[in-house]
Amino acid sequence: MADLELGELRISALPVLHTSNPTCGYRIEAGGRTAVWAPEFWEFPARAAGADLMFAEASGWDRRIRFRGGGVGGWRRPRCP
């Protein structure tokens, strides 16, 4: 997971903090446009503000999910502004 710049293409790796494994989402900027990939989140990610396109985690769980290392998630749906 790292940032990348190639000409006008800029990809920023942005950590997802609530998982038990290193995980990140990406902000992709090129040609004056921005796309964001948000793999999973508790609250709407600030990195997605103003993006032209957002790819977001599509799974939803109505019960807690136990992650390796003792973390939990999936028990409430994220709220979007």
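**Salt bridges and sheet in a predicted model**

The structure holds three salt bridges. It is a predicted model. Side chains of opposite charge can pair when their charged atoms come close. The pairs are described below one by one, together with the strands that carry them.

One salt bridge joins Arg10 and Glu29. Their closest N and O atoms lie 4.0 Å apart. This pair links distant parts of the chain. Arg10 sits in strand S2, Glu29 sits in strand S3, and 19 residues separate them in sequence. Arg10 has a relative accessible area of 42%. The range for partly exposed lies between the buried limit of under 20% and the exposed limit of over 50%, so Arg10 is partly exposed. Glu29 is also assigned to the partly exposed class, at 23% relative accessibility.

Glu29 takes part in a second salt bridge, with Arg27. Here the N to O distance is 3.9 Å. Is Arg27 buried or exposed? Its relative accessibility is 18%. Buried means under 20%, so Arg27 counts as buried. Arg10, Arg27 and Glu29 are thus linked in a network of salt bridges. Glu29 bonds to Arg10 and to Arg27.

The remaining pair to describe is Arg33 with Asp52. The closest N and O atoms of this salt bridge are 3.4 Å apart. This pair, too, links distant parts of the chain. Arg33 belongs to strand S4, which covers residues 33–38. Asp52 lies in the loop between S4 and S5. The two residues are 19 apart in sequence. Arg33 has a relative accessible area of 55%. Exposed means over 50%, so Arg33 is exposed. Asp52, at 46%, counts as partly exposed.

The strands named above belong to an open sheet of five strands. Their order is S1-S2-S3-S4-S5, and the pairing is mixed. Which strands stand at the edges? They are strand S1 (4–6) and strand S5 (53–56). Each has a single partner strand, so one side of each is left without a neighbour in the sheet. Neighbouring strands of this sheet are turned by 10° against each other on average, with direction ignored.

Within the sheet, strand S2 spans residues 9–15 and strand S3 spans residues 24–30. The two pair in the antiparallel sense, over six bridges. Ala13 stands opposite Tyr26 in S3. The salt bridge of Arg10 and Glu29 also connects these two strands.

Taken as a whole, the protein chain contains zero helices and seven strands. Read along the sequence, the pattern is β-β-β-β-β-β-β. The chain has 81 residues, and 20% of them are buried. Among contacts between residues at least 6 apart in sequence, 17% join residues at least 24 apart. The accessible surface comes to about 5,900 Å². Carbon and sulfur atoms account for 54% of that surface.

How high is the mean pLDDT of the chain, and what share of its residues reaches 70 or more? The mean is 77, and the share is 62%. Confidence is highest in S1, at 95. Confidence is lowest in strand S7 (residues 72–73), at a mean of 61. Where pLDDT is low, the predicted coordinates should not be read in detail.

Conventions. Residues numbered from 1 in each chain as written. Predicted model: local features only at pLDDT ≥ 70, side-chain atom pairs only at ≥ 80, totals over all residues. Heavy atoms only, no water. Pairing = 2+ DSSP bridges. Helix = DSSP H or I, 4+ residues; strand = E, 2+ residues; numbered from the N terminus. Axes fitted to C-alpha atoms, helices over the stretch in contact; angles between N-to-C directions. Salt bridge = Lys/Arg side-chain N within 4 Å of Asp/Glu carboxyl O. Buried < 20%, exposed > 50% of the residue type's maximum accessible area, 1.4 Å probe, protein only. Contact = heavy atoms within 4.5 Å. Areas by Shrake-Rupley, 256 points an atom, 1.4 Å probe, with all protein chains shown as cover. pLDDT = per-residue confidence, 0-100.
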